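Colleague: Pick one spot in this model and look at it closely. Then work outward from there, and keep it brisk.

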Amino acid sequence: SRVAMKCVIGGAHLRVFGRAIHAIARISDEFWFDPIEKGLALRSVNSSRSAYAYVFFSSMFFQHYCWTAVSQPRQKEKQLSLPCKLIIKSVLPVFRCVNVLERNVEKCSIYTNINDHHITFKLFCKHGVIKTYNLMFQECDPLQAVFAKHMCPNILKVHSRLLADTMIHFPTSQEEVTLSVSPMKVCFKSYTEDNTDFSRTMLTEIQLSPDEFDYFQVGVDSEVTFCLKELRVKPIAFSMEDRVLEASFILATLCEVGEETAALRPAWRQTFHSFFFGAVSCKERDAVSHTFHSLATASDTEEDFVSCCRNTR
Amino acid sequence: MWCELCQGNFFDEFQMEGVAAEHNEIYLELVPENLSRALKTAQSAKAVKIKLTNKHCPCLRVAVELPSLSSSSRIVTHDIPVGVIPRRLWNDFREPSVPDFDVSIYLPVLKTMKSVVERMKNLSNSIVIEANLNGEMNLKIETDLVSVTTHFKDLGNPPWTSEDGCQSSAQDRDLESMAEARIDIKKLQQLLAGQQVNPTKALCNIVSKRIVHFILLHEDVSLQYFIPALA
């Protein structure tokens, strides 16, 4: 671990950062804190490895961002990242009341202390009060989502509002939902299996027209099933002029095609059927609402996702 | 609970075909929560269609057309599984007849009654409803520690005529004499909590120590609740 990072988050962005932490907290109890040269990446994956969250804050998001890699004499190459794991429960209190945060905190500085495995969060509050949180981290292997390369014929781009309005029709106890797309129609429905007891199960189906999507491309009629709980996470809201923030939440889906039994292996390694939800900053404020565009799209790799966003803006 | 709605007041279109011409009725059994949830979807709907279908099993299909941002509407469909009740069991579900009551009286303002009963619920599991033909009603609870009575007066007694056109025999009763029944307070509280709109008419019939029969009349809907007395 030969990387040191120090950054400062200014007042207005604190809320966004706090919201990102809260959003990631819905996926798992721990997250990866990964400062790189270009900025700070936060990642998390749930215990069944069926949901993955990734939030990247570019260096421009911060009032101040400083990252240095120090190479050890024994190492041949500089290790360019310091992935470390933090427990969400330790970090959440720092950003507890996100709305209040903005009012009382002027800035927050975060720095890594590589020698004794600490990350320090310092909140500079009003009246000269400084709250310091020293959190232990665990070094670990980097975390990266693996996407199936062959799956990219379908791209749906939709405002998160539409998704929220759609999910509300399912009961809160509904665990899994099937999304079925064809060029003419999009349909979310309660997930059923062969052994579902229909005489006891209420089934809900919502049909949407492709017109409702900001971008709609369906090359292959597909059906994917995913866990609704993670979908109910609200994407991050922010309004910034520069592209300084991007986030994506990746949800695994059950494999419908072929004979592989998805139940035996973590679904997302084999499947990556075109599903992740993201909140991406826009270059200009949306004329209609000041909040955000949400993006549900397929991609081969994170790089492609990033370039896909740039192109479709 | 027995509730009757007149089709014409609710539906623009209503078509049904019962089992046979002389038995033009359909009896379905379902989980009320499912229907309630399906109808919640319909709060801002353009149109709602309810249909009895049989896909994997008999279902009430509630199809809701919702406004959307585009030219085509959003359609939400809920399939509610139902049990079709065979004709031989229909008698179990006939509208219960009005019991031979001892006292019939108009209820006090439901909102007041509700707040009284809610407070009493914290103190006791059962409540006594008593009323007389002089328009007086008392709600009583009694525990080891405390007894509370709320008195209502000048409520008025509805005039009932029996089938042969005469005044019912209940009229021979001493006006001051109370008919009473002890019932489960939770059931009463649930009944009152379910009323969101003030009914046009609300009354209750008491069969001493046997049953309390509530009748709530709205313009389009009539509701009857039968709460048996506790032993």
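Modeller: M1(B) is exposed, because its relative accessibility is 65% and the cut-off for exposed is over 50%. Bear in mind that this is a predicted model. M1(B) sits in the segment that precedes β1 (2–5) of chain B. Leaving out residues up to four places away in sequence, M1(B) touches L223(B), Q224(B) and Y225(B). Take L223(B). In sequence, 222 residues separate L223(B) from M1(B). In space, their C-alpha atoms are 7.2 Å apart.

How does chain B look as a whole? Four helices and 14 strands make up its secondary structure. Of its 231 residues, 37% count as buried. Now take the contacts in chain B between residues at least 6 apart in sequence: 58% of them join residues at least 24 apart.

Next, the partner chain. Chain A has seven helices and 19 strands. Buried residues account for 52% of its 313 residues. Among its contacts between residues at least 6 apart in sequence, 67% link residues at least 24 apart.

Then the nonpolar cores. The largest has 38 residues. F17(A), F33(A), L42(A), F95(A), I110(A) and F121(A) have the most contacts inside this core. Helix α1 (residues 11–25) of chain A gives the largest share, six residues. Another core, of 35 residues, lies apart from it. Among the members of that second core are I127(B), F152(B), I183(B) and L223(B). L223(B) has come up already, as a residue that M1(B) touches. In soluble globular proteins, nonpolar side chains tend to be buried together.

F121(A) deserves a look of its own. Residues up to four places away in sequence are again left out. F121(A) touches F33(A), F95(A) and I110(A), among others. Those three are also on the list of residues with the most contacts inside the largest core. Other contacts of F121(A) include L86(A), V91(A), V94(A) and C108(A). K131(A), T132(A), Y133(A) and L135(A) are also among them.

Now the place where the chains meet. 19 residues of chain A are in contact with 21 residues of chain B. About 1600 Å² is buried between the two chains. Carbon and sulfur atoms give 55% of that area. H169(A), M202(A) and E212(A) supply 38% of the area that chain A buries against chain B, more than any other three residues. The rule finds one salt bridge across this interface. In a salt bridge, the side chains of E212(A) and R74(B) meet at 3.0 Å, N to O.

A sheet spans both chains. Which strands form it, and in what order? The open sheet has seven strands, β16(A)-β12(A)-β13(A)-β14(A)-β5(B)-β4(B)-β3(B), with antiparallel pairing. β16 (222–227) of chain A and β3 (47–54) of chain B stand at the edges, each with a single partner strand, so one side of each has no neighbour in the sheet. On average, neighbouring strands of the sheet are turned by 20° against each other, direction ignored. Strands of a sheet pair through backbone hydrogen bonds, either parallel or antiparallel.

On the chain A side, β13 (residues 185–190) and β14 (residues 203–208) are joined by four bridges and run antiparallel. Opposite K189(A) stands E205(A), in β14(A).

E205(A) leads across to chain B. T77(B) belongs to strand β5 of chain B. Leaving aside neighbours within four places in sequence, T77(B) is in contact with L203(A), T204(A) and E205(A) from chain A. Within chain B, T77(B) is in contact with R61(B), V62(B) and A63(B). T77(B) counts as buried, because its relative accessible area is 14% and the cut-off is under 20%.

A helix covers this part of the sheet. Helix α2 (residues 32–41) of chain B lies across β14 of chain A and across β4 (58–66) and β5 (74–81) of chain B. The helix runs at about 175° to β5(B). R37(B) is in this helix. R37(B) is buried, with a relative accessible area of 16%. In chain A, R37(B) is in contact with H169(A), F170(A), P171(A), M202(A) and T204(A). H169(A) and M202(A) are two of the three residues that supply 38% of the area chain A buries against chain B. R37(B) is also in contact with H78(B). The C-alpha atoms of R37(B) and H78(B) are 9.1 Å apart, and 41 residues separate the two in sequence.

Conventions:
Residues are numbered from 1 along each chain as its sequence is written. Chains are lettered from A and ligands numbered from 1 in the order in which they are written. This is a predicted model: local features need pLDDT of at least 70, side-chain atom pairs count only at pLDDT 80 or more; totals for chains, interfaces and linings use all residues. Side-chain values use heavy atoms; hydrogens and water are left out. A nonpolar core is a set of buried Ala, Val, Leu, Ile, Met, Phe, Trp, Tyr and Cys residues joined through side-chain atoms within 4.5 Å. Buried means under 20% relative accessible area, exposed over 50%, partly exposed in between (1.4 Å probe, protein chains only). Helices (H or I, at least four residues) and strands (E, at least two) are DSSP runs, numbered from the N terminus. Contact means heavy atoms within 4.5 Å. Two strands pair if DSSP finds at least two bridges between them. Axes are lines fitted to C-alpha atoms, for helices over the stretch in contact, and angles run from 0 to 180 degrees between N-to-C directions. Buried area is the accessible area (1.4 Å probe) that two parts lose on being put together, summed over both. A salt bridge is a side-chain nitrogen of Lys or Arg within 4 Å of a carboxyl oxygen of Asp or Glu.
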